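Student: I'm new to this one, so could you take me through a single part of it, slowly and up close?

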Amino acid sequence: MNVAVVRFPGSNCDDDAFHVVGRVMGQPVRFAWHKESSLGDAEAVVLPGGFSYGDYLRAGAMAANSPIMGAVKAFAEKGGPVLAICNGYQIACEAGLLDGALTRNASLHFECRDVHLLVEGKPTPFTRGIPAGRVLRIPIAHAEGRFVHPDVAALEKEGRVVFRYVDPTGGVSDGANPNGSVANIAGTCNARGNVVGLMPHPERASEALLGSDDGKMLFASLLAEMGRRV
Amino acid sequence: MKARVYVTLKSGVLDPQGQAVARALGRLGFGEVKDARIGKLIEMQLADDVKDVEGHLKQMCEKLLANTVIEEYRFEIIQ
């Protein structure tokens with residue numbers, strides 16, 4: 001499975017994503033620079049976290065208009081799997097790959113800690129392999145992660161809420177919500193389900209040495225999905 | 001020609017920065033401050049011979065300057 005990790009000026013989780021795909025999962029991986037206009041033979045794309053373009057104007061706004069995003073949009077329209085993590089999620093929303101917007105945390109703090117996530121919603125390439133009801137422990141690190149959407153009820157009805165902040169036992173509560181996201185939403189997908197975005201960092205929790213390897217399940221799910229397609 | 005674009009959060013979208021500023025003003029003795037909302041002002045110097053300047057400004061706002069999911073915009077043109 002050839003994976004392209006898109007690298008914007010200011011990306012800082014690009015190496016982590018590269019490491020997990022290449023070393024932990026043992027898959028061919030390459031960087032795609034933001035000025036490139038093609039993803040080559042990529043079969044999956046990661047939009048990594050960081051502070052692309054210094055978060056100028058709005059987090060993700062500048063990166064959403066960079067040349068490579070044209071190729072990412074075309075790739076997504078053909079059904080190619082795209083995983084958008086943290087700043088990548090902000091970029092995907094700004095680019096219209098995903099609905100909604102990510103706004104300043106209600107606490108005004110940069111929230112950097114482990115959270116618990118319930119995997120739900122429609123099956124996606126990144127979650128199909130995760131057992132239903134499984135609670136994942138994965139870190140967050142963001143200041144603009146409060147998800148807002150003009151019609152959350154419709155999003156829920158379509159099964160497009162894929163990750164939700166919960167307590168360790170899977171209960172949805174205000175205390176488990178680190179940023180004030182509506183309905184504790186941590187991650188969503190597009191209508192087709194092939195583009196998945198989330199604020200938490202699965203690439204930072206893909207080896208037991210780092211305290212949790214729950215994040216690896218997203219990448220393992222993708223691998224299984226690609227195998228299923230072949 | 002100059003243009004000023006004002007980008008503000010839609011009403012109903014929580015503005016924790018604005019709330020913090022309102023609280024700080026209250027602590028400074030300005031008890032009359034009930035609420036504050038923070039927005040952006042973008043000043044641009046434009047070429048004088050733009051044909052459809054209003055149309056272009058609208059496109060600039062829609063494509064980049066504002067995120068219309070959460071923000072609204074208005075602009076003024078200063079000759």
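Student: Which strands of chain A does helix H1 (residues 14-24) lie across, and at about what angle does H1 run to S1(A)?

Tutor: Some ground rules come before the answer: the model is predicted, with local features needing pLDDT of at least 70 and side-chain atom pairs counting only at pLDDT 80 or more, while totals for chains, interfaces and linings use all residues. Residues are numbered from 1 along each chain as its sequence is written, and chains are lettered from A and ligands numbered from 1 in the order in which they are written.

Now, H1 of chain A lies across S1 (3-7), S2 and S3 (44-47), and runs at about 170° to S1(A). Helices (H or I, at least four residues) and strands (E, at least two) are DSSP runs, numbered from the N terminus. Angles go from 0 to 180 degrees between N-to-C directions, using lines fitted to C-alpha atoms, for helices over the stretch in contact; contact means C-beta atoms, placed from the backbone, within 7 Å.

Those three strands belong to an open, mixed sheet of nine, ordered S2-S1-S3-S4-S11-S10-S9-S6-S7 in chain A. S2 (29-33) and S7 are the edges; each has a single partner strand, so one side of each has no neighbour in the sheet. On average, neighbouring strands are turned by 25° against each other, direction ignored. Pairing takes at least two DSSP bridges between two strands.

Over at the S7 edge, S6 (residues 111-119) of chain A pairs with S7(A) in the antiparallel sense through eight bridges. Along S7(A), A:Ala141 is the bridge partner of A:Cys112, and A:Ile138 stands opposite A:Val115.

Notes
Contact = placed C-beta atoms within 7 Å.
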